[in-house]
Each structure stands twice: as structure tokens, then as C-alpha cells.
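Here are some notes for a colleague who is opening this structure for the first time. They take up helix packing and then an annotated site.

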Amino acid sequence: MNNEPSVPTDAPAQKKVYIRTFGCQMNEYDSDKMSDVMKAAEGYTPTDDPEEADLILFNTCSVREKAQEKVFSDLGRVKHLKKKGVLIGVGGCVASQEGAAIIERAPYVDVVFGPQTLHRLPQMLEARQRAGRPQVDISFPEIEKFDHLPPARVEGSSAFVSIMEGCSKYCSYCVVPYTRGEEFSRPFEEVLTEVAGLADQGVKEITLLGQNVNAYRGRMGDTDEIADFAMLIEYVAEIPGVERIRYTTSHPNEFTQRLIDVYARVPQLVNHLHLPVQHGADRILSAMKRGYTTLEYKSTIRKLRAVRPDISLSTDFIVGFPGETAEDHARTMKLIEDIGFDASFSFIYSARPGTPAAALPDDTPQEVKLARLQELQAAIEENVRRISASRVGTVQRILVEGPSRKSSKDTPELMGRTECNRIVNFPGGPNAARLVGQMIDVTITSALPHSLRGEVVVAG
């Protein structure tokens, strides 16, 4: 006899949301928050298939060539789903930049929202249905966003925590200040409360996020006191359960001596730093309005290595900025040699509408820019191979994230990351499942082009 409870055949199907994300980790964080907001407000569950979605959201990025055209191309591919009643939204930096122009060109879009208004998504969608016309909200309400977000979801032992929004540096090539607004920091206690909540749920590694994270200046309670980024790191490290602290992205001008001193005092702060330099020629850095020289950048690295001699360094480079000469490029190559970067994100310059650099004359042939980029990436790749090879035979502490891509039922294999952000693949053995989410020691046995192999250190 079947005693299973019957399920009504007319039970409403669970609504699904498809979110496609472009760009930086801030956008990845925002997409997670969009999913959280729609789950809390309307019960939406995520899907990887736009064909089965009730709501499709594109979280856009302006830091890509022809970003606006890419958005309309993506919209065109899902336009046919409107006849099924699917709602379509565009968020992120392109949405902030273009606003109502998106609706004018693609009138089937239901909502357009900026990075600071994603928490208003349920209300915007409700207003769309009620008023019968598309809704646009690309304002900058600052801290309101964080006050209205639901509690963070925990999936795994690592989590991102956004501590500030916007940027006030106004580099000549960058659209971020125009699409995300000026810098503003979340209150100090609010950040600590979120981190503590994540740690209580088993999170061991916290990544602090911001467009210019080391410019953090958070208000402390109801006082006039302000906490800087160095103080925030020290307090986060005191939260029980937090074993690793990462952050991205930082700016050389905000890399204070106080922050360097924290590296000497806080062991939870990982032995890896991503510090964008963008170029190796002072003339180009000035045209970029970066606000520092290569000598000042190298001085910061020298001070940091005095307290963390083996710290791993990654960076960003822009190749072919307007007016770049062969000599300028040679200076970038010399900086790579001097610093010994462990990795980099490097791109050929492309103009962003509305930025000062877009008006600069640019007569360097594209093939020359491409050759320079390839030379730069080859030098970084050689550093990666050399540094990876130096890890062989060492014991590295890793946070196990889950199965590796080559794992199988018969030969379970796990992957984790070292402090210096290297992926390590290793045999999981019969207790593989128990190791996920744990900090363990592995001996590095070999170095591959973009990962390491290891074996679990067995206590003797």
C-alpha cells in the first residue's frame, strides 16, 4: 500500500531566475545578491538554462570592449522568450551608463537597474507588472543597498563580503566612478557582523571586496571615529573561525604603512597580494592619472617584502595606451623583471565612452599592440612556471574546495588553493568527502603550467 502523501497536480511551479554575469568579482558578488533578493522576495531558484527561466537578468560590465553592443546581442538571443511571459532585466555598469537608452533600443526589456539599486528588483518588477511599462532605476542610494539585502547564503567554506562601493580615483581610462558612483564604505560593525555570521556557518576564508578596497573608511557606531582598512582586517582576524583573509582590488596610492604593518601582525592575511600597477612607464601612468610613479610602486613592494619576503604578487597591465612608445613598453617589461609578478590580468587598451582617455590620439597599429601584449604575457608566464617549480617539495597549507575537474568515482581527486592562490590537485583517498572545506597540509609533488599536484601530509 502506498502511504506517500499525494501532491496536488495544480501546485504552482517554482519560479526560476537565470543570471548571466560579466566582469569583476564585484559583479559576481552582486549577482549572488540578486539571486538572494529574488529568492527571499518571490521564491525564485537559480537555473543555468535561460529557456526554463521565468526571469532573465544580465549583470553587465563596462570594462570590456564594445560592452554595450554585447548587451544588445545577448538580449537579442533571449527576446523570443518574451512570448512565454519571461521577464528580462539588465543590471550592472552598462545599465548604469546607458539607463533608459536600453529600453529605447530594446523595448522588450522590463527593468534596468544599477549596482546600487539591485535590492529594489522585486519592487521594480512589481511596478512593471502594475504600471504596464518598463522600469529604470540607476540611482546611487549608497548604503541603502546593504540595509535591504537578505542574509548571505553560504555555499562552501569561502565567502565574499563587500565592504565598500564605488571609486573616487577617476583614472582617465576607467568608467567605474561614473557607473558605480563615488567611494562609500559600509559601517564598521555591519561588516564585522556579516563576517561573524558567515564564520558561524562554517566559512573559513573571507574575501573583502571593493573597487578600491584599501580606501575603506568605515564609520564606527554612533561615534565620529573612522576605521581604516588596516583596522578592519585586524578585527576580522579576531573573529573565531576565520582562518584566511583575502581582499581585492586595491590601489597603490592607498597602500599605507599601517596596511603593510598588518602583514607583519596578522597571520590570517594570506601571503598573496593583487596590486594593479597598469604600466611601467611614468609618462603613461601620468596620462592614466594613476597618481604614482614606478619608483613609488616598487618602494611599496620593497616595504611589503621586508615583512613578508615570500609574498606572491599579481597585478593588472594595460598595453597600448594612447601614446605608448616602444620605450614605454620596454619600461613595463623591465618592471615585470624587477618585481617578479606571479600572475597578471593584461589587456590591450580599448576606449570607454565618456572617459577622458577616449579623446586621446592613438596611432599605434593594432598588430604592434598585440605583439607587445604577447611579449608581456610570455614574460609573466615564465615567472609563473619558475615560481611554481620552486614550490615542488614544499609543504603548502590549502583550503579544500571540492572535487577536481578530473575526479571520478573510481579515482576521487580533490582541489584546493594555497595562500598564494595556486590550485593544487591531489588524490582524495577513501575519506575525500570529509576533507572538503578543511584546511590541510599537502606536499607539492609536481608543477603544471597553471596548477600544482600534491599529496596529503599524513601525521606520523
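1. A cut-off is needed before the first helix pair can be described: an angle between axes under 35 degrees counts as roughly parallel, over 145 as roughly antiparallel, and 65 to 115 as roughly perpendicular, while the rest count as oblique. Please keep in mind throughout that this is a predicted model.

2. Helix α1, which covers residues 25-42, and helix α5, which covers residues 121-131, cross at roughly 60°, and their axes come within 9 Å. The two helices, α1 and α5, are therefore oblique to each other. On the α1 side the residues involved are Met34, Val37, Met38 and Ala41, and they meet Leu121, Pro122 and Leu125 of α5. Sorted by class, this contact between α1 and α5 holds seven nonpolar residues, with no polar and no charged ones.

3. A second pair to look at is formed by helix α9 (residues 229-237) and helix α10 (residues 257-265), whose axes lie 8 Å apart and pack at an angle of about 20°. It follows that α9 and α10 are roughly parallel to each other, and the crossing in which α9 passes α10 is right-handed. Here Phe229, Ala230, Met231, Ile233 and Glu234 of α9 meet Arg258, Leu259, Val262 and Arg265 of α10. By class, the contact of α9 with α10 comprises six nonpolar and three charged residues, and no polar ones.

4. Which residues does the UniProt annotation "binding site" cover? According to that record, which is an unreviewed entry, they are Cys24, Cys61 and Cys93. Although these residues span 70 residues in sequence, no two of their C-alpha atoms are more than 10.8 Å apart, so they gather at one spot.

5. Two of these annotated positions can be described further, beginning with Cys61, which is placed in the loop between β3 (55-60) and α2 (67-78). Is Cys61 buried or exposed? Its relative accessible area is 10%, and Cys61 is therefore buried, since buried means under 20% relative accessible area.

6. Cys93, by contrast with a loop position, is found in helix α3, which covers residues 92-98. With a relative accessibility of 7%, Cys93 also counts as buried. When its neighbours within four places in sequence are left aside, Cys93 is in contact with Thr60, Cys61, Ser62, Pro115, Thr179 and Arg180. One of these contacts, Cys61, is itself covered by the "binding site" annotation in the UniProt record.

How values were computed
Residues numbered from 1 in each chain as written. Predicted model: local features only at pLDDT ≥ 70, side-chain atom pairs only at ≥ 80, totals over all residues. Heavy atoms only, no water. Axes fitted to C-alpha atoms, helices over the stretch in contact; angles between N-to-C directions. Helix = DSSP H or I, 4+ residues; strand = E, 2+ residues; numbered from the N terminus. Left-handed = near helix turned anticlockwise from the far one by under 90°. Contact = heavy atoms within 4.5 Å. Nonpolar A, V, L, I, M, F, W, Y, C, P; charged D, E, K, R; others polar. UniProt positions renumbered as here; feature names shortened; annotations may be inferred. Buried < 20%, exposed > 50% of the residue type's maximum accessible area, 1.4 Å probe, protein only.
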